[in-house]
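Here is a walk through one structure, helix by helix. Keep the sequence and the 3D view side by side as you read.

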Amino acid sequence: MLNEYLKDSRVLVGRIREAVEHSDPKALYEAAHRLKSSSAQLGALATAAGCAKLETLGREAHLETAPALVQELVLGHQSTCQAIEMELRARTGH
């Protein structure tokens, strides 16, 4: 499950970035919603919270503040991924 999250979440963060760059609120909403759900299930609550904000912006088609929120999301997501990778290494003894 953790490896799957690492792979899928990185793809979704890329989609969120692209959606904001291309001013595509529907794509932003969809990608943020998916990442929010999987992050919440995993306990990555900061990432889920950031996604919830972006999801709302996408749903309301108000992307003015989205670039700054994406920056925050990326940093939080990187921290989450680093923690997961450390956990996976600890489990395998590497």
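Helices here are DSSP runs of H or I, at least four residues long, numbered from the N terminus. With that in hand, S23 can be placed: it sits in the loop between α1 and α2. The model is predicted.

Stay with S23 for a moment. Its phi is positive, about 50°, although S23 is not a glycine. Most residues other than glycine have a negative phi. S23 counts as exposed because its relative accessibility is 53%, and the cut-off for exposed is over 50%.

A second loop offers a parallel case. A61 lies in the loop between α3 and α4. The phi of A61 is also positive, near 55°, and A61 is not a glycine. A61 has a relative accessible area of 47%, so it is partly exposed.

Now the helix pairs. Two packed helices are described by the angle between their axes and the distance between the axes. Start with α1 and α2. They pack at an angle of about 155°, with their axes 9 Å apart. That angle makes α1 roughly antiparallel to α2, because angles over 145 degrees count as roughly antiparallel. The crossing of α1 and α2 is left-handed. On the α1 side the contact is made by L2, Y5, S9, L12, V13, R15, I16, A19 and V20. On the α2 side, A27, L28, A31, A32, R34, L35, S38, S39 and L42 take part.

Pick out one residue of that contact. S9 belongs to helix α1. Is S9 buried or exposed? S9 has a relative accessible area of 1%, so it is buried. Which residues does S9 contact, leaving aside neighbours within four places in sequence? They are L35, H77 and C81. L35 is among the α2 residues that meet α1. H77 and C81 are among the buried residues of α4.

Move on to α2 and α3. These two also pack at an angle of about 155°, with their axes 8 Å apart. α2 is therefore roughly antiparallel to α3. Their crossing is left-handed. From α2, the residues involved are P25, L28, Y29, A32, H33, L35, K36, S39 and A40. They meet L45, T47, A48, C51, A52, L54, E55, G58 and R59 in α3.

A48 is a good residue to click on here. It lies in helix α3, which covers residues 45-60. A48 is buried because its relative accessible area is 8%, and buried means under 20%. Not counting residues up to four places away in sequence, A48 touches K36, S39 and A40. Those three residues of α2 appear in the α2 and α3 contact. Look towards Q71 as well. A48 and Q71 are 23 residues apart along the chain, and their C-alpha atoms are separated by 14 Å.

Next comes α4, residues 66-92. How far apart are its end C-alpha atoms? They are 38 Å apart. At 1.5 Å a residue, the 27 residues of α4 should span 39 Å, so the two values agree. Several residues of α4 are buried: A66, L69, V70, L73, V74, H77, T80, C81, I84 and L88. These buried residues pack against α1, α2 and α3. After α4 comes G93, with a positive phi near 80°.

L69 shows the contact with α3 up close. L69 is in helix α4. Its relative accessible area is 17%, so L69 is buried. Leaving aside neighbours within four places in sequence, L69 is in contact with K53, L54 and L57. L69 and L54 are 15 residues apart in sequence, yet 7.0 Å apart in space, C-alpha to C-alpha.

Finish with the cysteines. How many disulfides does the structure hold? Zero. C51 is in no disulfide, and the nearest cysteine sulfur, that of C81, is 11 Å away. Why is there no bond from C81? At 11 Å, its sulfur is too far from the closest cysteine sulfur, in C51. A disulfide needs the sulfur atoms within 2.5 Å. C51 is at 0% relative accessibility, so it counts as buried. C81 is buried too, with a relative accessible area of 3%.

Terms used: Residues are numbered from 1 along each chain as its sequence is written. This is a predicted model: local features need pLDDT of at least 70, side-chain atom pairs count only at pLDDT 80 or more; totals for chains, interfaces and linings use all residues. Side-chain values use heavy atoms; hydrogens and water are left out. Buried means under 20% relative accessible area, exposed over 50%, partly exposed in between (1.4 Å probe, protein chains only). Contact means heavy atoms within 4.5 Å. The expected span of a helix is 1.5 Å times one less than its number of residues. Axes are lines fitted to C-alpha atoms, for helices over the stretch in contact, and angles run from 0 to 180 degrees between N-to-C directions. Angles under 35 degrees count as roughly parallel, over 145 as roughly antiparallel, 65 to 115 as roughly perpendicular and the rest as oblique. A crossing is left-handed if the near helix is turned anticlockwise from the far one by less than a right angle, and right-handed if clockwise.
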